[in-house]
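Student: I've got this model open and would like to talk through how it is put together. Can we go through it piece by piece?

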Amino acid sequence: MSTSTPTLRPYQREAIDAVLAARRSGTRRMVVCLPTGAGKTVIFSHLARLARRQVLVLAHREELLGQAREKLERALEGLHVVAVEQGAQRASSEAKVLVCSIRSLHEKRLAKVIENRDFGLVVYDECHHAAADDNLRVLRQLGAFDDRWTGTLLGFTATTERGDGKGLDTVFEKIVYSRSLPEMVEDGYLSRLRGYRISTAADLTRVSGSGLDFDEEQLAEAVDIEERNALVARSIQELARDRRTIAFCVTVNHARNLARSLNLLGVPAGVVHGMMPSDVRAAALRDFREGRTHVLTNVAVLTEGFDDPGVSCIAMARPTRNEGLYAQCVGRGTRLAPDKKDCLVLDFVDLSALSLCSLPSLFGTPRDLDLRGDDASVARRVWQQIMLDHPGFELEAGALTLSEIQERAASFNPLGLDTDLEVRAISGNAWFSLGRHGVGLHFERRPGRASEVVVLKRPGRARGKVWEVSLDGRVMDRFSRMEDAVQAVDYEITRMGRATAASARPDASWRFPVARAEELRLAVWKRVVGR
């Protein structure tokens, strides 16, 4: 047997087992979600090897077709024919596996592909595109939504988010396996990521949103300006140095203008975009791989299907609100390579009232965190420890370094939080703050026995009766406003009698010494906020 078959990593074996288990349980349309560089092609190549019927692989980009064919042939060890169906290329009828460009599968051509073939497995690479109308048409024509269809539709993606907000649940039944980028980095399967935050003077406050992201025409007008391009170019020159860098831009003109700014500084830069002839684009990619250019500016071309492990810097000259798109861009630099220690991510942060994606946000840390070249995984561990040690600790908006956050957390005292001003305005009782979660109050129904009321915002609720009142752990009522809940509690306490009402006041004798009252408040804080 050939030794060229790729050895499966543990998580790749887990993904294969999850797919097989899901199919046995009756799931026909499923998704495996893995970050870029995790080797999803290796996974579906092994599944193709196991398949008894023919296999159809759907891809969007020309570069993906060749990569998929090569890895499939290696996994199948020459035992079965792997053919490409694209443009002038026609797959032979003997092929066990067909790798097709989904864009070339117009209705008549797809009918020809299906004719006299029995596809038991349809693999959809970069399946976050599946909800688009024409792609749905291909899947319907394949029969993927028919009740009698006996095949399996298996989607692979690094992100389940689409820019237009359409959900993949309209196409697939469930995600059967997933691993996050931070997990893969921590386990050593992807490159470590370090980041810099570079503030610009570009103003995005008037740029309107389009789906999950900005309107591209307005965004380009805001960021494709000479001063900002010069700043991006200088930052790449100074921080990336000899790193092979991919810069993500908004439009073709933006990519050209940034490349021009880089070249003016003496940094060899090339451009790739979707409207280039394939041979010209191939030449630009070849120049980049062979070192004739150090930076490649691009527009939505290298977010998918670009496999160059030597890339060690990602410059996000394109601000985005879309976490999925951001993760795909950063993923171009996460592959491991000999002599590659890490990948540097340069976040260019413009003035915006909306939250912009950043390397820290990708790792679950505050998106305004200024890493200053530090490792994002280390920052993630430190932030997680802060959350464990100081439940309820919150940061105000604004760029902070990790050491500054640690200093603030060390001095954080939940008992010193001011109660909501509107609560203090309507109540004379000793309500205490639970931060953004709500407020609490202790009083005595009987001498020596403290009762506890908490008014908490219900998780995941934005409208309706979102404020829930609990008395000694039992839910009593719900209200639309926190102030209404507080007033209702105060009223009920007065109905319990003069002594009970007096025990709810800040100067009640049972609260002294102060340590007893603080101990009760801290217990509530840990139980409610630290849950």
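Tutor: Sure. Before we look at partners across a sheet, one rule: two strands pair if DSSP finds at least two bridges between them. Keep in mind that this is a predicted model.

Student: Okay, which residue in β6 stands opposite Leu-121?
Tutor: Strand β5 covers residues 119-125 and strand β6 covers 152-157. They pair in the parallel sense over five bridges. Opposite Leu-121, in β6, stands Thr-152.

Student: And which strands are at the edges of the seven-stranded sheet?
Tutor: That open sheet runs in the order β3-β4-β2-β5-β6-β1-β7, with parallel pairing. An edge strand here pairs on one side only. Those are β3 (82-85) and β7 (174-178).

Student: What angle does helix α1 make with β7?
Tutor: Helix α1, residues 10-24, lies across β1 (29-33), β6 and β7. Its run relative to β7 is at about 155 degrees.

Student: Now the six-stranded sheet: why does one side of β8 and of β12 lack a neighbour?
Tutor: The order is β8-β15-β14-β11-β13-β12, an open sheet with parallel pairing. β8 (192-203) and β12 (269-273) are at its edges, so one side of each has no neighbour in the sheet. The reason is that each has a single partner strand.

Student: Which residue of β15 is the bridge partner of Ala-315?
Tutor: β14 (residues 313-316) and β15 (residues 342-351) pair in the parallel sense over four bridges. For Ala-315, the bridge partner in β15 is Leu-346.

Student: Are α8 and α9 parallel, perpendicular or oblique to each other?
Tutor: Helix α8 (residues 226-240) and helix α9 (residues 252-264) pack with their axes 9 Å apart, at an angle of about 55 degrees. Roughly parallel would need under 35 degrees, and roughly perpendicular 65 to 115. The two helices are therefore oblique.

Student: How many charged residues does that contact have?
Tutor: On the α8 side are Arg-228, Asn-229, Ala-230, Val-232, Ala-233 and Ile-236, and α9 brings His-254, Asn-257, Leu-258, Ser-261 and Leu-262. By class, six are nonpolar and four polar, and the number of charged residues is one.

Student: Last one: how far apart in sequence are the parts tied together by Asp-342 and Arg-243?
Tutor: These two form a salt bridge, with the closest N and O atoms 2.8 Å apart. Asp-342 lies in strand β15, while Arg-243 is in the loop between α8 and β11. So the pair ties together parts whose separation in sequence is 99 residues.

Terms used. Residues numbered from 1 in each chain as written. Predicted model: local features only at pLDDT ≥ 70, side-chain atom pairs only at ≥ 80, totals over all residues. Heavy atoms only, no water. Axes fitted to C-alpha atoms, helices over the stretch in contact; angles between N-to-C directions. Parallel < 35°, antiparallel > 145°, perpendicular 65-115°, else oblique. Contact = heavy atoms within 4.5 Å. Nonpolar A, V, L, I, M, F, W, Y, C, P; charged D, E, K, R; others polar. Salt bridge = Lys/Arg side-chain N within 4 Å of Asp/Glu carboxyl O.
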